[in-house]
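Trainee: Could you take me through the aromatic side chains of this model, looking closely at how the rings are placed and what they bring together?

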Amino acid sequence: MSSFSKQILVTGGAGFIGSALTRRLLEKGYEVTVVDNCCNGKEENVPEGVRFLKADLTEESVYREIETFSFDAIFHLASQSSGAKSFEDPVGDMKSHLYITFNLLQLALEKKVSHFMFSSSSTLYGDAKVFPVSEDHPKNPKTYYSAGKLACEGYIRFFSSLGLPTTVFRLPNVYGPGQNLENKHQGMVSIYLSYILEGQPVLVRGSKDRFRDFIYIDDVVDGWMRAFENPKAKGKTYNLASGKKSTVEQVLDALKSACGKLDYPIEFEDGTLGDQVGMVVDISKIQNEIGFKPAVDLPTGLKRMFEVEAGK
């Protein structure tokens, strides 16, 4: 275990990725405080042995309470998480990104934490022309959500220049057991699987030829932990992904195979506002600098996810 960061604050720790990170931190002997409003996450996702504060980080009073906690690193994952939904409430989306991130950065700087780690998104690249997309590719957000992530990265770079050790992860489509199947606005795999488990035709919004970079939840957690415990990651921004291209059609075929339902009905309708045509990223930087290597391929990950969710 790292000798300098034993107490960790995880925002969004009741959510899909945040709760998986929290469990890994506990396994490795860290003390964890979770803050989450449970808007998308669930309180039952928070493991025993964790100090849990159910609170909305867009409320100023929350930070006065957080200031009293002991922690020397922050894993910041709390935010509105859907590009499509960001069009419904742009101001709320902005607050969930900029307001929260700015306040946490200020708090981190004041407390002189050893590491501030942030969950960003590969959607901020927009519709790229050349693949795979490296970290220095031009940014062209297509949603309020991705614009919010890009703006947060700007603040993080500024605070890094003030001496705050930071690491940013640009995540693509994350999937795996524990994803919120009730949320039909976020998570392509979880949305499709939810229809199958409900016995409804899978509704696909957009073309089957769209493509994405899918990464299994365990690989995401491994990437975060490698960066957290490696000084080389400080001050860096990484694509944290599989580096593999999968079309929507390939995902549907693999998911139907994992579920043993090869003839399952699929229905298509128009795409959602701001949706990317395609995205696959270059992961050579995170591989070369901290030794990250994705271990779970898409068919294996889908099978694991189905077996867990179907067995609940």
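**Aromatic rings and their partners**

Mentor: In this predicted model, the charged end of R51 sits over the ring of F69, at 4.1 Å from the ring centre, and a second such placement brings the charged end of K184 over the ring of Y195, 5.1 Å from its centre. Turning from charges to rings alone, the structure contains ten aromatic pairs. One of them joins F87 and Y144, whose ring centres are 5.4 Å apart and whose planes meet at 70°, so the pair is edge-to-face, the angle being over 60 degrees. Because F87 belongs to the loop between β4 (73–76) and α3 (90–111), while Y144 belongs to helix α4 (residues 144–161), this pair ties together parts that are 57 residues apart in sequence. Both partners are partly exposed: F87 has a relative accessible area of 27%, and Y144 has one of 42%.

Another aromatic pair, between Y175 and Y216, is also edge-to-face, with 5.5 Å from centre to centre and 65° between the planes. Here the rings come from two strands, Y175 from β7 (residues 173–175) and Y216 from β10 (residues 214–216), so the contact ties together parts that lie 41 residues apart in sequence. In this case the partners are buried, Y175 with a relative accessible area of 1% and Y216 with a relative accessible area of 4%. Finally, ring pairs also join into a cluster, which is made up of Y30, F75, F169, W224 and F228.

Terms used: Residues are numbered from 1 along each chain as its sequence is written. This is a predicted model: local features need pLDDT of at least 70, side-chain atom pairs count only at pLDDT 80 or more; totals for chains, interfaces and linings use all residues. Side-chain values use heavy atoms; hydrogens and water are left out. Rings of Phe, Tyr and Trp (its six-membered ring) pair if their centres lie within 6.5 Å; planes under 30 degrees apart count as stacked, over 60 as edge-to-face and the rest as tilted. Helices (H or I, at least four residues) and strands (E, at least two) are DSSP runs, numbered from the N terminus. Buried means under 20% relative accessible area, exposed over 50%, partly exposed in between (1.4 Å probe, protein chains only). A charge sits over a ring if NZ of Lys or CZ of Arg is within 6 Å of the ring centre and within 35 degrees of the ring normal.
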